[in-house]
Amino acid sequence: MSRFFLLAITLAAPSMVSAQASADSSVVDSTGVGIAPVTVTATRQAISIFETPMAVTVVGRQAMENKRGYSLDDAVANVPGVLAQSRYGASDIRITIRGFGARGAGDRSNAGTSRGIRVLIDGIPETEPDGRTSFDLVDLAAASRVEVIRSNASALWGNAGGGVIAISTVPELDAAFISAQQMAGGFGFLRTVLQAGAKLGASTLAVTFTNTMQEGYREHSDSRRALVNASVTSPLGKDTDVGVFVAAANDLFHIPGPLTRAQAEQTPRAANSTYAARDERRFNRLGRIGVSLRHSIGEISSVSGMLYLNPKILQRSERGTFRDFNRHHLGGNLLYRTSYRLASAIPTTTTVGVDRANQSGSVLFYSLTESGTRGSELRDNRSEGAANTGVFFSQAFGLASRTGVEIGARWDQIRYDYRDFINPTLDDARSFSRVSPKVGINYRFADTHSLYANVGGGVEAPAGNETDPASTFGQDTVRGINPLLEPIHSTTWEIGTRQSIPMKGFFSFAAYDVALYNTNVTNEIVPYRGGRFYFSAGSVRRQGAELSASLLGRSDLEIAGSTTLSRNRYLDYTVDSVHYGAPGRFADYSGNSVAGVPGRYFSASLRRAIISSIPIVAQVNVRGVGKHYVDDANGVSVPAWRTYGAGLRTSRALPFGRLAISAFVNLENITDTRYIGSAFVNPDVVNGVPVAFEPGAGRAFLFSVSVRPR
């Protein structure tokens, strides 16, 4: 496929003003627009997507079907402005939204977690108070829809609000169902999904169980995870609704580690020898229970709240030590909303709320045996705590029948506590606080055509492992919390438009979504030596253009594409170059590209029914990422890459006795392209050679069959 054809698919899509509607026409794929009105809730209120002054994408259930569903990248890979990279093919992914989260890759506690992006499941934060998010409880088999806020959302969600990914697991049921799905694929991939749902009067019950195993593309990248997710939602009288959400996971994944550029090109399936020798891995056992309540007060007001508890037992082999963590993440929120008319003419909605989250627990470091198990020497014994309190308000005005204005602000305080039971002189505490304002305006040319603009502030505190200054055990005995790091402050200006257009003739529907943004960042946190050290860049500017579009036609025809173009620069950044082997000197990286943030990435797909009598639908897709740098000096780069995929699926379940059967088969990376799927930011340099590169998976097939009673 020529470059010209790829460019035509991804950039000419807006001229087709296309959209993707789901089977039920109520939620949509990557463009976020559908035939029926689409309501979003990640904005902390139920609102039409054409009335919110933010860049929001809604990913419907249909867009997540016919994929592995093991990790979140299968849901957000086609969302503009979002770069999702599967590091090892397991639940360990790297997510960047408009540059936020770019540092969440590399060594140390970064494995299996992200930074700067807030992730919610049924409104319950997976993101911890310090801004880190692990993905152990994220599985798309249970997801009914995914909402992505690409705008700066700190005024709504506080710390790590550079973007929001909100997952809903509550299905829309008309009748009881039970289903079973079995997948098998390349590199030893096996996945079983069991699901059931029922309507119990006015209540809805849903349960999903998944068990996933794989050998992995690379050596020492095998993984296994068992996960159960259950929910009950029910009305309590005519004015009150309650939800109970329970999840638990047992997740083990091994980490193959980074390679040199030569190793990645010549032996991409190899593991880093040190990682393999130490049996570097994560073994996480965790659960979550949450209860939500919403009560209407008359016809104009409501109060809602949530409480949740998330206990965790985490074990890992990392950098020559065996580490035991016990965490308890406890939190909740309370929100009040009322609607009224101001001066008898202006419809107004006031929202006020408070969030509180606290996580604490013990940390034990032991020696590591030659076989990678826990040794007998206790090297560190400490407790770590993090708490985040946020108070926010939002005021929405309807200035005219088609114009809406929103103003709001949020105050956040993040506090860290560190207690060392071996060396109490390291006991430490530190707090960060910040007010994040927002102003937005939205104008609707029609019910499904809007133009919006907004300006908003953002805050992101350094995560727990970033505030711990020690790079290797025993090297730091001065402070328990890094005194040099300050919170990231950002201001984003944005303008965008979206439209959904019914059509007549061969093509039945079209839509597009376009957004332009400018983000100025102060105190950008930058990792060094693969994530052992963290420094602050003085100021950074990120500018970008995002667009997505699709076109629906007869015979299940769908043409879709999204692309992101951005420019990301350090404006003011000077660092002690001792980290490059030249002590006593300073390196000035002002004007360089921000490490770890590609300036271009895109996706495109074409789907069409090829056998209408069965029926069978075929799809081809392409995905690509441009060349980018992974070090501040802009001397280490990841080359551009492009991969292709194809698949066949039954578009509806076929009768087989008393069962209904559906199936699909996919072939990913058809050309078996060797490419770099992810890379460490400012990596280790060994014997003058950077060790940064994590090769992406080669050609692989995936086959699935699902059955359910008729």
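Two strands pair if DSSP finds at least two bridges between them. Helices (H or I, at least four residues) and strands (E, at least two) are DSSP runs, numbered from the N terminus.

This is a predicted model: local features need pLDDT of at least 70, side-chain atom pairs count only at pLDDT 80 or more, and totals for chains, interfaces and linings use all residues. Residues are numbered from 1 along each chain as its sequence is written, and side-chain values use heavy atoms, leaving out hydrogens and water.

**Exercise 1. Describe how strand β17 pairs with β16 and with β18.**

Step 1. Take β16 (residues 240-254) and β17 (residues 281-297). They run antiparallel, joined by 15 bridges. In β17, G287 is the bridge partner of A248.

Step 2. Turn to β18 (residues 301-318). This strand is also antiparallel to β17, and 15 bridges join the two. S296 stands opposite S302 in β18.

Step 3. Look at the turn. β17 and β18 form a hairpin with 3 residues between them. G298, in that turn, has a positive phi of about 70°.

**Exercise 2. Decide whether R282, E460 and V686 are buried, partly exposed or exposed.**

Step 1. Set the cut-offs. Buried means under 20% relative accessible area, exposed over 50%, and partly exposed in between (1.4 Å probe, protein chains only).

Step 2. Place R282. This residue is in strand β17. Its relative accessible area is 1%, so R282 is buried. Its side chain makes a polar contact with the side chain of E318, at 2.7 Å. A polar contact is a pair of N or O atoms within 3.5 Å; within protein, one must be able to donate a hydrogen and the other to accept it, and residues adjacent in sequence count only if both atoms are side-chain atoms.

Step 3. Place E460. It lies in strand β24 (residues 449-460). E460 has 5% relative accessibility, so it counts as buried. The side chains of E460 and R103 make a polar contact at 2.7 Å.

Step 4. Place V686. This residue lies in strand β38 (residues 676-686). V686 has 46% relative accessibility, so it counts as partly exposed. V686 and T260 are 426 residues apart in sequence, yet 9.2 Å apart in space, C-alpha to C-alpha.

**Exercise 3. Find which element gives the most to the largest nonpolar core.**

Step 1. Define the core. A nonpolar core is a set of buried Ala, Val, Leu, Ile, Met, Phe, Trp, Tyr and Cys residues joined through side-chain atoms within 4.5 Å.

Step 2. Name key members. The largest core has 29 residues, and those touching the most other members include L72, I95 and I165.

Step 3. List the elements. Those giving two or more residues include α3 (61-64), β5 (93-97), β10 (145-149) and β16. The answer is β5, with 3 residues.

Step 4. Check I95. Contact means heavy atoms within 4.5 Å. Beyond its neighbours within four places in sequence, I95 is in contact with residues including L72, F100, F135 and I165.

**Exercise 4. Judge how compact the protein chain is.**

Step 1. Count the elements. The protein chain has 8 helices and 40 strands.

Step 2. Compare sizes. The radius of gyration is 25 Å, close to the 27 Å that the globule rule gives for 710 residues, so the chain is as compact as a globular protein of that length. The radius is taken over C-alpha atoms, and the rule is 2.2 Å times the number of residues to the power 0.38.

Step 3. Add burial. Of the 710 residues, 59% count as buried.
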